[in-house]
There are 2 protein chains.
Amino acid sequence: MTHSTHPFDDALVLAPGAPDCYGGHTTPGYWNMVGPYGGITAATLLQAVLRHPLLLGEPLSLTVNYATAVEEGPFSVQATPVRTNRSTQHWMVMAEQINASGDSVVTTTATVVTAARRETWSVSDSPMPAVPGAAQCQHVRLPAGPQWLQRYEMRPITGALPAQWDDSGHTSLTQLWLRDTPARRLDFPSLASMCDVFYPRVWLRRARRVPAGTVSITVYFHAGSALLAQTGSGYLLAQARAQEFRNGFFDQSAQLWNEEGRLLATSHQIVYYKE
Amino acid sequence: MTHSTHPFDDALVLAPGAPDCYGGHTTPGYWNMVGPYGGITAATLLQAVLRHPLLLGEPLSLTVNYATAVEEGPFSVQATPVRTNRSTQHWMVMAEQINASGDSVVTTTATVVTAARRETWSVSDSPMPAVPGAAQCQHVRLPAGPQWLQRYEMRPITGALPAQWDDSGHTSLTQLWLRDTPARRLDFPSLASMCDVFYPRVWLRRARRVPAGTVSITVYFHAGSALLAQTGSGYLLAQARAQEFRNGFFDQSAQLWNEEGRLLATSHQIVYYKE
């Protein structure tokens with residue numbers, strides 16, 4: 001059997017049910033260690049909003065809270081537009097699964113703001129850093145590891161996964177060129193997913209591998225659909241760093257530019273770590 | 001009649017009602033132009049979580065979405081713990097008001113994660129910038145303007161409100177020393193509120209005053225209650241800047257340190273602006 005759709009689109013299939021409700025199913029293509037890759041979960045919750053018949057405008061902000069690991073199997077997503085203004089719309093989103101005892105369990109919560117954007121005075125105060133082009137950076141192919149890592153072509157510039165876990169770390173900065181594998185035209189869900197692509201900053205800062213997982217991620221979309229279309233399936237420059245590692249949680253700030261140096265999204269997350 | 005409580009505590013009074021539900025009332029002390037100061041709304045929604053009998057741990061992250069202006073009068077807050085894990089708890093929060101037609105209207109939504117934190121390896125990668133001490137910076141007293149501005153003692157270091165609106169702006173960076181007026185011991189709600197204290201970055205970047213308002217704010221708490229207690233009613237160094245102004249929305253990243261240079265919170269927001 002051949003597969004005619006992209007694994008990303010497979011993962012985002014949602015069947016409409018009752019009003020505001022959609023049914024989905026985990027897919028192997030974006031599987032992580034004990035559940036789906038966090039980025040695909042964020043993308044799926046955003047997709048429920050984008051599919052909603054009452055949608056106004058395009059994504060402006062997205063916050064996703066990972067309440068517990070999503071298990072392999074079916075899940076439901078409820079996306080409710082709680083307030084529609086003239087040019088913005090506010091959404092509450094919740095993903096649930098039925099557990100072994102037959103109870104409905106909240107796995108993920110989210111809020112989304114969509115907006116009808118207009119052209120205004122605009123300026124970017126975050127120029128893309130001066131880095132070698134994607135073609136000059138080596139494509140790191142991982143022989144093993146979780147499936148989702150095979151879904152991204154990553155070309156590290158700095159801050160690649162440490163080769164030795166020897167407690168020698170001194171920075172949390174990672175920069176890499178990034179695109180979908182196979183190639184796919186950028187859209188809002190895939191941009192949201194890419195914001196979560198960085199391995200835990202604590203691994204880099206310490207050069208030590210400790211248990212870690214995202215608790216909450218926020219994405220601000222600076223690009224509209226025209227800029228996404230213009231970016232197409234080109235590389236994105238993805239940059240992330242932490243500000244504070246404190247008593248089991250660290251933050252991460254990230255920026256994603258297209259090859260032309262346009263800032264498409266900024267993102268933040270707070271991440272659990274052990275030890 | 002004398003007032004024995006702090007205006008901040010007045011604003012945060014919540015009367016328990018049905019399970020998960022609290023009743024509050026706007027107060028004049030933190031009034032802004034067409035509704036309460038956004039920071040006091042964020043603090044109030046967080047307060048509903050902190051008052052909840054099922055609360056686990058302390059605030060870790062808070063996202064507040066401003067769906068519409070809160071009107072003068074009563075409001076209700078619903079705070080629901082949708083998932084409790086061993087050391088984290090996930091909350092969905094919603095504020096509503098009854099409008100003139102007698103309909104319930106969602107004014108604000110939020111998600112909160114609370115956590116029981118443990119001592120771990122920790123490091124700060126955001127040293128407090130080298131700035132003059134609070135005593136060396138002039139306390140800016142505003143003769144008029146919205147009430148909430150009277151609730152904060154602000155001592156700008158750089159990026160004060162432009163004296164002339166002459167389109168001469170070139171940076172979005174503001175640094176100021178900050179504390180409650182009257183003095184008040186720092187807690188999680190007041191720290192959350194202080195994260196929203198900055199006037200719109202677009203005013204500074206353009207040296208032009210245009211309509212602007214926060215759409216969504218996220219706060220990551222790096223401090224636990226012990227560090228807040230230690231900070232007491234001392235000054236905080238508050239810093240904010242934008243990364244991108246694009247088609248009606250800009251982002252803001254902020255950091256708040258105490259006088260000893262400990263990073264207490266990092267915060268992000270996406271803000272609407274016109275023209």
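Here are three short exercises on how the two chains are arranged and paired, each with a worked solution.

This is a predicted model, in which local features need pLDDT of at least 70, side-chain atom pairs count only at pLDDT 80 or more, and totals for chains, interfaces and linings use all residues. Residues are numbered from 1 along each chain as its sequence is written, chains are lettered from A in the order in which they are written, and side-chain values use heavy atoms, with hydrogens and water left out.

**Exercise 1.** Find the turn and the shift that lay chain B on chain A.

*Solution.* Start with the general picture: two copies of a chain are related by a rotation about an axis and a shift along it. Next, superpose by least squares on the C-alpha atoms of residues with pLDDT of at least 70 in both copies. Chain B then falls on chain A with an RMSD of 0.0 Å, after a turn of 180 degrees and a shift of 0.0 Å along the axis. The two copies are therefore related as by a two-fold rotation axis.

**Exercise 2.** Describe the interface between chain B and chain A: how many residues are in contact, and how much area is buried?

*Solution.* Take contact as heavy atoms within 4.5 Å. By that rule, 61 residues of chain B touch 61 residues of chain A. Of the interface residues of chain B, 100% are also interface residues in chain A, so the copies meet through the same surface. Now add the buried area (the accessible area, with a 1.4 Å probe, that two parts lose on being put together, summed over both). This comes to about 5500 Å², with carbon and sulfur atoms giving 56%. Finally, look for salt bridges (a side-chain nitrogen of Lys or Arg within 4 Å of a carboxyl oxygen of Asp or Glu). There are two between the chains; one of them joins B:Asp125 and A:Arg205 (2.8 Å, N to O).

**Exercise 3.** Work out which strands of chain B pair with β4(B).

*Solution.* Strands are DSSP runs (E, at least two residues), numbered from the N terminus, and two of them pair if DSSP finds at least two bridges between them. Begin with β2 (residues 21-25) of chain B, which pairs with β4 (residues 74-84) of chain B in the antiparallel sense over five bridges. Here B:Tyr22 stands opposite B:Val77. Then turn to β5 (residues 88-98) of chain B, joined to β4(B) by eight bridges, also antiparallel. In this pairing B:Pro81 faces B:Trp91. β4(B) and β5(B) make a hairpin, with three residues between them.

Definitions and conventions. Helix = DSSP H or I, 4+ residues; strand = E, 2+ residues; numbered from the N terminus.
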